[in-house]
Amino acid sequence: MGQVQDITYPSFPNCFNLLLQTDMQVTDVVVIGSGIGGLSCAAVLARYGFDVIVCESHSIAGGAAHAFERNGFKFDSGPSLYSGLSYSPSANPLRQVLDAIGSELPCVTYDTWGCCVPEGDFDTSVGAKQFCEVLMKFRGHDAVAEWQELQRVMEPFASAATSIPPAALRFDFGAARTVGPFIPSLTKHLANIIKLTGPFSRIMDGVVKDPFTRNWLNLLCFLLSGLPADGTSAAEVGFMFADWYRPDAILEYPIGGSGALVDTLVQGLERHGGKLILGAHVEEVLVEGNRAVGVRLRDRQEIRARRAVISNASVWDTLKLLPENAIPKQYRAKRQATPECDSFMHLHLGIDAQGLQSNLTDQNLSVIFSIFLSKLHILTKFNKQNPQLLTQKKL
Ligand SMILES: Cc1cc2nc3c(=O)[nH]c(=O)nc-3n(C[C@H](O)[C@H](O)[C@H](O)COP(=O)(O)OP(=O)(O)OC[C@H]3O[C@@H](n4cnc5c(N)ncnc54)[C@H](O)[C@@H]3O)c2cc1C
């Protein structure tokens, strides 16, 4: 049960009557949205002693990562490619959140996936060396040399990208306390950290000319961020290189899929006293004297926030919730103009597991990922801006 105090709110002298009339709840922080970001934020706040209420519009928690069931089959709505979750300490910020809230997420691990591309089908493993064999088969010596050069160039960027835990990054005076301990390592990597602020294409263009390798890197960027190399931050790719191309690298899949991950975050939130309300669509952020002081739900119920209202909704959805004059017009126009990335469509296939071995092997997984990648090829057909990302291939 959340520790929601519902009879005191200092800025309201007659609040007791008001609360009786409107059934108003009061908490420290209201989080709008229960995506992985909203749940992580809320669970960590609850862990550090704040009263938190998460309001989720949908009837299922998890946002883009929610799980759903049809005819006995369970599906992930979004993510399927995970790494850095099954061990600790890990550079994956989600694993750092799970560590902070004291939660475990059992995962199966694998290192090989099957790919179907126009040039042919192949299995590829995480880890730097095996992809050289793939390149040798499809492209020859020059492509291998370029790939090795990229590994060399990326090495310092990978170290820079993991030199500070993302959770320590903040942009207020508190940064002195959280970033402080990492200053020696930051100073060492400063020049590379500056380069990591641009798109990955800036690094890739200087090293990789082979079209197959460029398509491969664009695909990896697309899997990471939904955009090709010129829209993906070099820091994100630096993190991936550090994680995927280190010795003994593995990929993971939470047992129970994204739904299990979301359940783990919700349980962590509730164990620390936070509360999640499903079917609670926030219609308006309440603003008084330049401060967000709560939210009004679609059913007119209000939830007051003593400390903050945090939105996990998209930038465009969040702007709709703010009263007209709550933020400067110029700021609103700039955020509103944030470009959307190209659409991404998932085709969900249920495979009857009867007759399959109970232990999924790399081979079984590679079949599933082959389907996943073939599906991507079809999907990139819709990618009007970047038709070169991958050529279409029929299932
Ligand atoms: C098809 C697909 C495949 C992906 N594959 C991968 C992958 O393999 N690996 C990977 O790491 N990432 C992947 N991602 C990305 C990953 O899923 C997302 O980055 C992540 O889930 C986004 O989480 P979030 O918390 O930022 O936002 P969201 O998940 O968008 O959460 C926002 C939440 O806010 C709620 N909300 C919005 N407005 C309101 C309101 N007014 N009132 C109340 N609630 C509201 C929404 O219902 C939603 O639950 C994929 C994404 C998609 C779509």
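N71 counts as exposed because only 5 C-beta neighbours fall inside 10 Å; the scale used here calls a residue exposed if 12 or fewer other C-beta atoms lie within 10 Å of its own, buried if there are 20 or more, and partly exposed in between, with C-beta atoms placed from the backbone. This is a predicted model, in which local features need pLDDT of at least 70, side-chain atom pairs count only at pLDDT 80 or more, and totals for chains, interfaces and linings use all residues. Residues are numbered from 1 along each chain as its sequence is written.

Let us stay with N71 for a moment. N71 sits in the loop between β3 and β4, where helices (H or I, at least four residues) and strands (E, at least two) are DSSP runs, numbered from the N terminus. The phi of N71 is near 50°, a positive value in a residue other than glycine. The hairpin that N71 belongs to has 2 residues between its strands. Strand β3 (residues 67–70) runs antiparallel to strand β4 (residues 73–76), and 4 bridges join them; two strands are taken to pair if DSSP finds at least two bridges between them. Within this hairpin, E69 has K74 of β4 as its bridge partner.

Follow the chain past β4 and you come to P89, in the loop between β4 and α3 (93–101). The peptide bond from S88 to P89 is cis, with omega near 0°.

A further antiparallel pair is formed by strand β5 (residues 107–110) and β8, joined by 4 bridges. Here Y110 stands opposite L251 in β8. Is strand β8 (residues 251–254) covered on one face or on both? Both faces are covered, with L251 and Y253 buried on one side and E252 and P254 buried on the other.

Now for the open sheet. Strands of a sheet pair through backbone hydrogen bonds, either parallel or antiparallel. In this model, an open sheet of 6 strands follows the order β9-β2-β1-β12-β11-β10, and its pairing is mixed. β9 (275–277) and β10 (282–288) stand at the edges with a single partner strand each, so one side of each has no neighbour in the sheet. From one strand to the next, the twist averages 40°; axes are lines fitted to C-alpha atoms, for helices over the stretch in contact, and angles run from 0 to 180 degrees between N-to-C directions.

Further in, strand β1 (residues 25–32) and strand β12 (residues 302–311) run parallel and share 7 bridges. On β1, V31 stands opposite I310 in β12. Helix α2 (residues 36–47) packs on the sheet, touching β1, β2 (52–55) and β12, and its direction makes about 165° with that of β2; residues are in contact if their C-beta atoms, placed from the backbone, lie within 7 Å. In the loop between β11 (291–297) and β12 you will find R300. R300 has a positive phi of about 75° although it is not a glycine, and R300 is exposed, with 9 other C-beta atoms within 10 Å.

Helix α2 also leads us to the ligand. Which helices each supply at least two residues of the shell around the ligand? They are α2 and α12 (315–321), and α2 gives the largest share, 3 residues. In total, 26 residues surround the ligand, the closest being G33, G35, G37, G63 and P79; a residue is near a molecule if its C-beta atom, placed from the backbone, lies within 6 Å of it. The shell divides into 11 nonpolar, 13 polar and 2 charged residues. In that count Ala, Val, Leu, Ile, Met, Phe, Trp, Tyr, Cys and Pro are nonpolar, Asp, Glu, Lys and Arg are charged, and the others, Gly among them, are polar.

Elsewhere, helix α5 (residues 141–161) holds E155. E155 counts as partly exposed because it has 16 C-beta neighbours inside 10 Å. Although E155 and R246 are 91 residues apart in sequence, their C-alpha atoms are 9.9 Å apart in space.

Finally, step back to the whole chain, which has 14 helices and 12 strands. Of its 395 residues, 34% are buried. The mean pLDDT is 80, and 74% of residues reach 70 or more; pLDDT is the predictor's confidence in each residue, from 0 to 100. Over residues 1–21 the pLDDT is below 50, and pLDDT also stays under 50 over residues 373–395.

Key: Contact = placed C-beta atoms within 7 Å.
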